Amino acid sequence: MTAPTHEPGPASSSAMMLASEITKRPVVTLAGAAVAQVKDLVFDGTAGRIAGFTLSGRGLLSGPLRHSLPWSGVHGLGHDAVMIKDESVFESRADVLERGSAGRGDVLGSRVLTDGGTDLGRISDVVVEVVEGTTAHVVGYEIASSDALDRQGRKVFIPLSETTAVSGEALVIPAAAAEFVADDLPGFAAAVQAYRARRRTEV
Amino acid sequence: MLFSETAGRQVVSATEARTVGIVDGFVVDPATASVVALRLKKTDGSGDTLVWEHIHAIGPDAVIVRSGATLGTPSGELAPLADKHRSLPGKRVLDERGEALGTVSDVDFDADTGALLTIRTTTGDHPGKRVLGLGPYALILREP
């Protein structure tokens, strides 16, 4: 078996992950036992942070679990597993759901419009930035691009900003954000940096 | 000394100069990052586990057990550690941030104390001191 190597990064290492990649990831204790798998992400709607995860059992026949994982119980969120100290960090599903909105159903499929009125495409996934493996927040969306972006309908990534207005139907972003579209996740990390720098100078 | 070169070695009792078994596996305690017992095969049926305290020497050609040493079945604290699902060779390796580090290809240990010196994985070597946990799913290494 070959596994991708992730070199221990510098002090401020961060990684971009798609919400769809985080689901199905095993939840593993520091004692080395896989005790669940991620069913869905729970977002804290206003701040765009991950509030926690709903869980399902491991294995084909296991369904959703009654307990969930609050973000405070996450020891590390990596590309290959969600690490927890032990099973004592679990809370009831109701308590974790109370902290945010479950799933990405509320934004998936939503149309992305610029404040200039251009349709950029529809949201197909949520991009989460994980810093130091311990903090995570939503930094953008993957969209199936429209003709306006001239990407032949490919998947592209757009940065999210605090001024983004979102409803179940559409998301309206500043036209400037459309200039920071990236074609892949590594490129998106740089685009997010550039977009933030631009916004700082504007304020 | 490597797990791979120790496995298959004869285990001989010092007093009777008799072979009591063949080294088949290693029981590791992640809390101390050390080998705490050997699992044997081809024993006479009295048990398959040789605790570290009963080992006199692990030499280049044979493992010598102390006089009066007995094989047993894992009991007490040893029982969960001796579970075959916790065997290191081939075990998936994760760091505590949830990043995969390949699988265990071999382990270098101190033949005098049992301490794990180096965990060799398919992606590189890691000091035994990094061992944080060992369970049915994976070996967990702490951040360097």
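**Exercise 1. Salt bridges and polar contacts between the chains**

Find how many salt bridges cross the interface of chain B and chain A in this predicted model.

*Solution.* Start with the cut-off: a side-chain nitrogen of Lys or Arg has to lie within 4 Å of a carboxyl oxygen of Asp or Glu. Applied across the interface of chain B and chain A, that rule finds zero salt bridges. Next, turn to polar contacts, where eleven residue pairs are counted between chain B and chain A, with both residues at pLDDT 80 or more. Finally, sort the chain B side that touches chain A by class: eight residues are nonpolar, seven are polar and four are charged.

**Exercise 2. The extent of the interface**

Work out how many residues each chain gives to the contact, and which residues of chain B lose the most area to chain A.

*Solution.* Begin with the residues: chain A contributes 26 and chain B contributes 19. Then take the area, which is about 1,600 Å² buried between chain B and chain A, with 58% of it given by carbon and sulfur atoms. Within chain B, the residues that lose the most area to chain A are B:Arg97, B:Glu99 and B:Tyr137, and together they account for 38% of what that side buries. To place the chain B side on the fold, look for elements that give two or more residues to it: these are strand E7 (92-95), E8 and E11 of chain B.

**Exercise 3. The sheet that holds E7, E8 and E11 of chain B**

Trace the strand order of the chain B sheet that contains E7, E8 and E11, and name its edge strands.

*Solution.* Follow the strands across: the order is E10-E9-E8-E7-E12-E11 in chain B, an open sheet of six strands with mixed pairing. At the edges are strand E10 (124-127) and strand E11 (131-134) of chain B, each pairing on one side only. From one strand to the next, the twist averages 35 degrees.

Now check two pairs in detail.

- Strand E8 (residues 100-109) and strand E9 (residues 116-121) of chain B are antiparallel and share five bridges; here B:Phe109 stands opposite B:Leu116.
- E11(B) runs antiparallel to strand E12 (residues 139-141) of chain B, with three bridges between them. B:Val131 faces B:Leu141 in this pair, and the two strands form a hairpin with four residues between them.

**Exercise 4. The other six-stranded sheet**

Explain why one side of strand E4 and of strand E5 in chain B is left without a neighbour in the sheet.

*Solution.* First write down the order, E4-E3-E2-E1-E6-E5 in chain B, again an open sheet with mixed pairing. Strand E4 (49-51) and strand E5 (55-58) of chain B stand at the edges and have a single partner strand each, so one side of each has no neighbour in the sheet. Neighbouring strands here are turned by 35 degrees against each other on average, direction ignored. For a parallel pair, look at strand E1 (residues 10-13) and strand E6 (residues 62-65) of chain B, joined by four bridges. In that pair, B:Val11 has B:Val63 as its bridge partner.

**Exercise 5. A hairpin in chain A**

Identify the bridge partner of A:Gly76 in E7(A).

*Solution.* Locate strand E6 (residues 74-77) and strand E7 (residues 82-84) of chain A, which pair in the antiparallel sense over three bridges. The partner of A:Gly76 is A:Met83. E6(A) and E7(A) form a hairpin, with four residues between them.

How values were computed:
Residues are numbered from 1 along each chain as its sequence is written. Chains are lettered from A and ligands numbered from 1 in the order in which they are written. This is a predicted model: local features need pLDDT of at least 70, side-chain atom pairs count only at pLDDT 80 or more; totals for chains, interfaces and linings use all residues. Side-chain values use heavy atoms; hydrogens and water are left out. Two strands pair if DSSP finds at least two bridges between them. Axes are lines fitted to C-alpha atoms, for helices over the stretch in contact, and angles run from 0 to 180 degrees between N-to-C directions. Contact means heavy atoms within 4.5 Å. Buried area is the accessible area (1.4 Å probe) that two parts lose on being put together, summed over both. A polar contact is a pair of N or O atoms within 3.5 Å; within protein, one must be able to donate a hydrogen and the other to accept it, and residues adjacent in sequence count only if both atoms are side-chain atoms. Ala, Val, Leu, Ile, Met, Phe, Trp, Tyr, Cys and Pro count as nonpolar, Asp, Glu, Lys and Arg as charged, and the others, Gly among them, as polar.
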